[in-house]
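Thanks for making the time this morning. I would like to walk through a few pieces of secondary structure packing, and I will take them one region after another.

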Amino acid sequence: MGDAPGWDDVMREFLLESREHVQGIEATVLELEAQPGSQPLLAQLFRALHTVKGTCGFLGFTRLEALMHAAEEMLGLARDRRLVLDRERVSTLLALADAARGALEHIEATGLEPAVDHSALVARMAGAAASAPLEVSEPLTPPGALPWRGAATGVDSKLRVDVALLDRLMNLMGELVLARNRILQCAASPTPGAELVTASQRLDVVTTQVQQVVMKTRLQPVGQVWNRFPRLVRELAHGCGKQVRLQLQGADTELDKTLVEALHDPLTHLLRNAVDHGVETPEERREAGKPPVGCLTLSASHEGGLVHLGMSDDGAGIDVQRVRQVAVQRGLLTAEQAARLSDADAQLLIFMPGFSTAERVTSLSGRGVGMDVVRTQVDRIGGTVEVHSRPGQGTTFTLKIPLTLAIIPALLVTCRGDRYALPQASLREVVFLEPEQARRDITRLQGACVLRLRGELLPLVVLAAELGVGPPTPELDAGATLVVLQAGERTFGLWVDAIHDTEEIVVKPLWKHLKGLACYAGATVLGDGRVALILDAMGLGRRVATDTEAREQRVAPEAAPEAPPAENRERVLLCRTGAEGRVAIPLSRVARLEELPASDVERLSGGMELARYHGQLLPLVRVASVLEARPGAAGQLARDVRLALGESLSVVVTTHADTRVGLVVDAILDVAEVELALQRETRRPGVLGSMVVQSRATEFLDVEGTVRAVHPELLTGGAP
């Protein structure tokens, strides 16, 4: 085994990563002693144990793997609130860390696992698990987002650099010295004049070239991470009774050394998940008309200033119905929330801490940790994860990673006199609104600001409010300065005081005590010597507080399910229909709020109206027309008027039997919480009754009845 090519490199990286994990385990266990029921700390500890266990199993260190597995058994009960980590159990976990540290030292010295009998320690952990109650005393709530502080980047202190690149760097250093000497001579001259300007320009050019070359020295091919995966896939497939081969594409794609190492854990867990859950057994593949050998593909490429890493399989795909069921069973979502999820949103549930579709816990899966590691680690280095799955055809995960974290272009903004840096990788556009335009286009929904931008509703994050130095809504007398950012699947506007020039900045990590702040990604020193904090677009994106974003956050792995409403009360969306009419739509039935151009609406024979919506056709129902019992004439008249004026439609998107339907209203007003008792019931089409909301008479909309009046075929399967 030790004679295998590259084995020394594999062992060196294993020891470095495992030591950092063990150090993190010890620190987290000590924190758990003070906070025994902390779900974020338990999730963090699980990630470290799971990673060390998986690597030990791959390398054949079975004693250390058994230790980690026993610890997982005990911690699984603690996470499910069936066991309390008291002083004795914390001491047991600390003894585990000591045993693991000793084993790693022995492995480093001899290359072999120590012949130490850990049965007593395993028995202590097994005894703690056996003494736990059989039933959960309270429902499990998923942990909130917590940055991974176990720092398992495994950064080696050595780099392999091409000699030609070092020669180029030496030549540039000579040019830099010459430029410095010339500037010193000009500075000593009584009248430097144009010579100083020329020397400064030359210094700027040489410095830029040095910067580029130094950055290249940090770049390493991603194949350095991939070279250990073929054997990993082989061993995993053998353990699962499957036949799997691994294809590598783009292994020479270069990435910053720190990022190459940081991607080891996410890619490892993606491969483990694909072998265990994605690829079918040979018998199942033959029955499905597939070759008995499954195929995994790892790919890498440069696109748009980012590195795209793909991991795809040709397996069974993600069973979204099974995902919904497991999410409800594990208490991650309510049955109603799960039923409202689209298939694309349901797929994202696999990233939630504690989620697993495995029927039983094994040494390979069932803990609900692996995909949580993927999302946490990728977020930590400023990347994003996307998943696309087709039943029976396979699943593809795409990791979009910045090329380097050392030097990046950034936009400088000001908030209350302090300057902040926004990485340009997240920047989409800059919007300046005059006071009159700001008053017209910026509205508030339940205390959150929303901008109508080119017919779309864009949630806003007020930077001053997020930093605790300003009100939730700034004054509009001076207009509004907005930076539109893209954070993963979210697009939102960041409201700042002023925007300055762009600048290339050197990223400095935050002090360890500040790494838990979600809105900061690091710090930098600007050209004038002042320190500026680097804003984290992903962290700010999670703080978007509109009701539409709140629904999306319940789908995201890092957010917790929404608390159930108070008894006999429900949150509703208030809308205007007609000249004076007001209706209330249950917020639980609202999927999205949209502003669609009237020109996108098409009228088919028979009066049906459809709108082009994200590449699909969205059936429309004009609420005012249904309530007035004149769906044909009123709907056609409203459409003709809006189309002639080039206006847009306010649409409330709802879901019926897995089909989205748009309810067209005249205006979206506000969100309110109301008593469910109707003050006056009615038999009017599309109305359940009326009530007083915000001192105004409001009709409670019968969503199913309104849709049935225009599209009865959509409700044949029943409402969700």
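**Sheet, helix pair and a covered strand**

Let me begin with one pair of residues: Arg 245 has Cys 295 as its bridge partner in S4, and please keep in mind throughout that what we are looking at is a predicted model. That pair belongs to a longer match, since S2 and strand S4, which covers residues 294-303, run parallel and are joined by six bridges. Stepping back, S2 and S4 are part of an open sheet of five strands, whose order is S2-S4-S5-S7-S6 and whose pairing is mixed. Which strands stand at the edges of this sheet? They are strand S2, residues 244-249, and strand S6, residues 384-390; each has a single partner strand, so one side of each is left without a neighbour in the sheet. Going from one strand to the next, the twist averages 15 degrees. There is also a helix packed on this sheet, namely H9, residues 229-240, which touches both S2 and S4, and the direction of H9 makes about 160 degrees with that of S2.

Now to a helix pair. Helix H3, residues 62-79, packs with helix H4, residues 87-110, at an angle of about 160 degrees, and their axes are 10 Å apart. Angles over 145 degrees count as roughly antiparallel, and H3 and H4 are therefore roughly antiparallel to each other. The crossing in which H3 passes H4 is left-handed. As for the residues that meet there, H3 contributes Leu 64, Leu 67, Met 68, Ala 71, Met 74 and Leu 75, while H4 contributes Arg 89, Leu 93, Leu 96, Ala 99, Ala 100, Ala 103 and Leu 104. Sorted by class, this contact of H3 with H4 has 12 nonpolar residues, one charged residue and no polar ones.

My last region is centred on strand S25, residues 648-656, which is mostly covered, with seven of its nine residues buried. How many bridges pair S25 with strand S21, and in which sense? S21, residues 592-597, pairs with S25 over six bridges in the antiparallel sense, and within that pairing Pro 597 stands opposite Ser 648 of S25. S25 is also joined to strand S26, residues 659-665, by seven bridges, and these two strands likewise run antiparallel. Here the residue to look at is Ser 650, whose bridge partner in S26 is Val 665.

Note on methods:
Residues are numbered from 1 along each chain as its sequence is written. This is a predicted model: local features need pLDDT of at least 70, side-chain atom pairs count only at pLDDT 80 or more; totals for chains, interfaces and linings use all residues. Side-chain values use heavy atoms; hydrogens and water are left out. Buried means under 20% relative accessible area, exposed over 50%, partly exposed in between (1.4 Å probe, protein chains only). Helices (H or I, at least four residues) and strands (E, at least two) are DSSP runs, numbered from the N terminus. Two strands pair if DSSP finds at least two bridges between them. Axes are lines fitted to C-alpha atoms, for helices over the stretch in contact, and angles run from 0 to 180 degrees between N-to-C directions. Angles under 35 degrees count as roughly parallel, over 145 as roughly antiparallel, 65 to 115 as roughly perpendicular and the rest as oblique. A crossing is left-handed if the near helix is turned anticlockwise from the far one by less than a right angle, and right-handed if clockwise. Contact means heavy atoms within 4.5 Å. Ala, Val, Leu, Ile, Met, Phe, Trp, Tyr, Cys and Pro count as nonpolar, Asp, Glu, Lys and Arg as charged, and the others, Gly among them, as polar.
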